[in-house]
Amino acid sequence: MALARRQIGDSDLIGAVATLERLLIDHPEADDALLLHASLLCRLDDKQGARAELAEMESVRVSEAGWAEVTAACGAVPRPQGWGGQ
C-alpha cells in the first residue's frame, strides 16, 4: 500500500494500479487495497470497471475515510448491500 501511495503522489496512477493488482493477488481480503484500486480506476476514467469491482465486494468493512476516497474519485456511488462501516 505504501508503494502505491507513493506512486499516486508521483502521479504514476497506472503504476499504482499495477502495484495494487499484485498486492491483491496475494491478499484478496485487503479491503483498503480493493477500495484504493477502485478509486484509481475511476481516476483513470474507468468508472464502469470500478463500479463493477465495488458491486462484487461482499461484507467489506471500511472506514468513512476509505469510502470518502472512493466517492471523491468515482462520484456518488451507492454502498453495496451488506457493507458496514468501522
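Are Cys42 and Cys74 buried or exposed? In this predicted model, Cys42 is buried, and Cys74 is buried too. The two residues belong together in another way as well, since a disulfide joins Cys42 to Cys74, with the sulfur atoms 1.9 Å apart. A scan of the whole structure turns up one disulfide. Its handedness is easy to state: the dihedral about the S-S bond is 105 degrees, and the link of Cys42 and Cys74 is right-handed. As for where the partners sit, Cys42 is in helix H3 and Cys74 in helix H5, so the bond ties together distant parts of the chain, 32 residues apart.

Now for the overall layout. The chain holds five helices and two strands. Read from the N terminus, the order of elements is α-α-α-α-β-α-β. Out of 86 residues, 40% count as buried. Contacts between residues 24 or more positions apart make up 44% of those with a separation of 6 or more. The accessible surface of the chain is about 5000 Å², and carbon and sulfur atoms account for 51% of that area.

Next comes the inside of the model. The largest nonpolar core contains 24 residues, and the ones with the most contacts inside it are Leu35, Leu40, Leu54, Trp67 and Cys74. Two or more residues of this core come from each of helix H1 (2-9), helix H2 (13-26), helix H3 (31-43), helix H4 (47-56) and helix H5 (64-74). Helix H3 gives the largest share, eight residues. Cys74 thus turns up twice in the picture, as one of the residues with the most contacts inside the core and as a partner in the disulfide with Cys42.

One more residue of helix H3 deserves a look, namely His37. How does a histidine come to be classed with the buried residues here? His37 has a relative accessible area of 5%, and it counts as buried because that value falls under the 20% cut-off. Leaving aside residues up to four places away in sequence, His37 touches Val17, Leu20, Glu21, Leu24 and Glu53. The list of neighbours thus includes Glu21 and Glu53 alongside Val17, Leu20 and Leu24.

Taken together, helix H3 keeps coming back: eight residues of the largest nonpolar core come from this helix, Cys42 lies in it, and His37 has its place there as well.

Definitions and conventions
Residues numbered from 1 in each chain as written. Predicted model: local features only at pLDDT ≥ 70, side-chain atom pairs only at ≥ 80, totals over all residues. Heavy atoms only, no water. Core = buried A, V, L, I, M, F, W, Y, C linked by side-chain atoms within 4.5 Å. Buried < 20%, exposed > 50% of the residue type's maximum accessible area, 1.4 Å probe, protein only. Helix = DSSP H or I, 4+ residues; strand = E, 2+ residues; numbered from the N terminus. Disulfide = S-S within 2.5 Å. Contact = heavy atoms within 4.5 Å. Areas by Shrake-Rupley, 256 points an atom, 1.4 Å probe, with all protein chains shown as cover.
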